[in-house]
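Thank you all for making time for this; I would like to take you slowly through one structure that is probably new to most of you. Please have the sequence and the three-dimensional view open while I talk.

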Amino acid sequence: MERELVEDIVIVGAGIAGLTTSLGLHRLGISSLVLESSDSLRVTGFALSIWQNAWKALDAVGVGDILRHQHLQLNGIVTTSLVTGQQTAAIPFRATGNQKDIEIRCVKRKSLLEALVNELPRGTIRYSSKVVGIEESGFYKILHLADGTSIKTKVLIGCDGVNSMVAKWLGFKKASFTGRYAIRGCAEVNNSHRLEPNFMQYFGKGFRAGVIPCDEEAVYWFFTWTPTSQVEKELEENPAKLKQYVLKKLENMPSDVRQYIEKTEEDAFLLSPLRYRNPWEVMMGNVSRGNVCVGGDAFHPMTPDLGQGGCCALEDGVVLARCLAEAFSKENEEEEEEEEEEQKKIEESLKKYAKERRWRSINVTATAYVVGSIQQAESNVVSFLRDKILASFLAIQLFKMSGYDCGKLKNS
């Protein structure tokens with residue numbers, strides 16, 4: 001027999017955006033239910049760069065210091081061309097003359113998700129809860145789950161990733177494939193890796209790679225490229241060949257850095273296509289409609305070239321919780337306002353969120369796409385310009401995007 005639950009706010013997806021939104025609401029005294037299709041927290045991608053804009057969001061929901069204690073603060077970004085062997089840019093993150101300290105750490109994805117979950121009340125996340133249908137019932141939305149449960153909700157938030165069912169319901173098309181792929185991995189060593197705490201970035205002909213220490217024992221790395229032959233496209237089915245391919249491409253990388261890719265187990269090489277939402281679609285699409293909205297990769301999937309995908313998801317969560325709290329404030333409850341008035345406030349709060357996040361998302365998504373195209377160039381002319389002229393410009397784009405402040409949970 002089908003069971004029907006009734007909730008004020010349902011968030012689909014227990015990823016970065018969904019958990020941050022739920023925790024932000026919890027900090028403001030508002031409960032929510034998070035639906036996760038997996039039977040436990042899903043951890044794909046190993047680690048991610050958390051730039052200063054994301055630390056502001058993590059501090060806003062009260063988990064920043066937990067993660068700071070677990071991860072190294074990076075000193076700077078060092079860019080090297082594997083074509084010429086020359087270092088093309090070295091930019092410090094630490095305070096210098098007229099530059100403030102820029103806080104950047106490479107954070108393990110599992111640590112980030114666990115830090116958010118551990119602050120949520122027990123029972124906030126409902127695992128093994130795959131949404132298979134969305135139905136309208138007046139202002140309410142009814143979610144149908146694969147296990148036969150129905151959930152009636154006043155607010156539906158889709159943080160269900162790049163293949164979002166909620167984004168599809170709002171009218172968004174499937175995210176576009178860039179033609180590029182990323183291979184990611186993380187090497188764990190028994191004693192200290194002794195690498196300098198830097199973001200080490202390498203460019204080759206048609207590819208880009210990076211190696212970043214997370215803590216004293218874990219080193220995260222990535223490799224992005226555009227497969228051109230059928231052989232390259234079939235690498236996904238053969239982890240051993242995938243590892244060989246990456247190491248061959250990176251044969252000019254310094255051996256003391258390359259060894260961490262060698263130490264990564266074959267089955268820990270994660271290959272994924274790089275997708276993004278066309279900025280024009282973000283501009284024209286329904287980020288919210290009525291009592292439904294999207295956040296994170298469901299809203300603005302982007303290429304990883306600025307390291308801002310997860311950071312923007314954290315920003316989304318803080319802004320969405322702040323806006324939505326206005327519709328569910330205690331003052332409104334005391335007035336025992338009519339349903340119609342409450343519905344209007346919910347709709348306005350989601351419109352406010354959409355307005356605040358739309359242009360930020362367009363800016364980051366478009367910049368990441370352009371930067372990625374230049375960084376991974378195969379053309380000799382573009383490669384020359386990248387290595388000789390554009391290296392510092394490209395690095396500065398990383399700083400520009402991380403200078404954003406999503407604000408606190410409460411408007412002061």
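Let me begin with a charge and a ring: the charged end of lysine 152 sits over the ring of tyrosine 140, at 4.7 Å from the centre of that ring. A second arrangement of this kind involves arginine 289, whose charged end sits over the ring of tryptophan 169, 4.5 Å from its centre. I should say at once that what you are looking at is a predicted model, and please keep that in mind throughout.

Staying with rings for a moment, a search of the whole structure finds 11 aromatic pairs. One of them is formed by phenylalanine 223 and tryptophan 225, with 5.6 Å from centre to centre and 45° between the planes, and it is classed as tilted. Phenylalanine 223 is buried, with a relative accessible area of 0%, and tryptophan 225 is buried as well, at 3%. If you highlight Phe177, Tyr181, Phe207 and Tyr245 together with Phe223 and Trp225, you will have one aromatic cluster on your screen.

Now please move to helix H2, which covers residues 52-60. Why do we describe this helix as largely enclosed by the rest of the structure? Seven of its nine residues are buried, and that is the reason for the description. The buried residues of H2 are Gln52, Asn53, Ala54, Trp55, Ala57, Leu58 and Ala60. Just after H2 you will come to glycine 62, which takes a positive phi of about 85°.

A little before that helix in the numbering, serine 49 has its place in strand S3, residues 47-50. Serine 49 is buried, its relative accessible area being 14%. Once neighbours within four places in sequence are left aside, serine 49 is in contact with Arg105, Cys106, Phe199, Ile212, Gly307 and Cys311.

That brings me to the salt bridges, of which the count comes to 24, and I will pick out three of them.

The first one I have chosen joins arginine 68 to aspartate 65, with the closest N and O atoms 2.8 Å apart. Both residues lie in helix H3, residues 64-68, and they are three residues apart, which is about one turn of the helix. As a general reminder, an α-helix has 3.6 residues a turn, so residues three or four places apart point the same way. Are the two partners buried or exposed, or something in between? Arginine 68 counts as buried at 17% relative accessibility, because the cut-off for buried is under 20%, whereas aspartate 65, at 48%, counts as partly exposed. Arg68 and Asp65 also belong to a network of salt bridges that links them with Asp59, Glu103 and Arg105.

My next example is the salt bridge between arginine 360 and glutamate 315, where the closest N and O atoms are 2.9 Å apart. This pair links distant parts of the chain, since arginine 360 is in helix H12 and glutamate 315 is in helix H10, residues 309-327, and they are 45 residues apart. Both arginine 360 and glutamate 315 are buried, the relative accessible area of arginine 360 being 8%. Helix H12, where arginine 360 lies, runs over residues 339-375. Not counting residues up to four places away in sequence, arginine 360 touches Asn53, Gln308, Cys312, Glu315, Met401 and Tyr404; of these, Asn53 is among the buried residues of H2 that I listed earlier.

The last salt bridge I have picked is formed by glutamate 356 and arginine 322, and here the closest N and O atoms are 2.9 Å apart. Once again distant parts of the chain are linked, with glutamate 356 in H12 and arginine 322 in H10, 34 residues apart. Glutamate 356 is partly exposed, with a relative accessible area of 28%, while arginine 322 is buried, at 8%.

I will finish with some empty space. Which helix gives the largest share of the lining of the second largest pocket? That helix is H10, with three residues. About 150 Å³ of space lies in this second largest pocket. The pocket is lined by 11 residues, and those nearest its centre are Leu28, Ala325, Glu326, Ser329 and Lys410.

Conventions:
Residues numbered from 1 in each chain as written. Predicted model: local features only at pLDDT ≥ 70, side-chain atom pairs only at ≥ 80, totals over all residues. Heavy atoms only, no water. Buried < 20%, exposed > 50% of the residue type's maximum accessible area, 1.4 Å probe, protein only. Helix = DSSP H or I, 4+ residues; strand = E, 2+ residues; numbered from the N terminus. Contact = heavy atoms within 4.5 Å. Phe/Tyr/Trp six-rings, centres within 6.5 Å; stacked < 30°, edge-to-face > 60°. Lys NZ or Arg CZ within 6 Å of the ring centre and 35° of its normal. Salt bridge = Lys/Arg side-chain N within 4 Å of Asp/Glu carboxyl O. 1 Å grid on protein atoms, 1.4 Å probe; cavity = no way out; pocket = protein on both sides within 12 Å on 5 of 7 lines; lining within 4 Å. Points joined across faces, edges and corners; volume = space filled by probe spheres on them.
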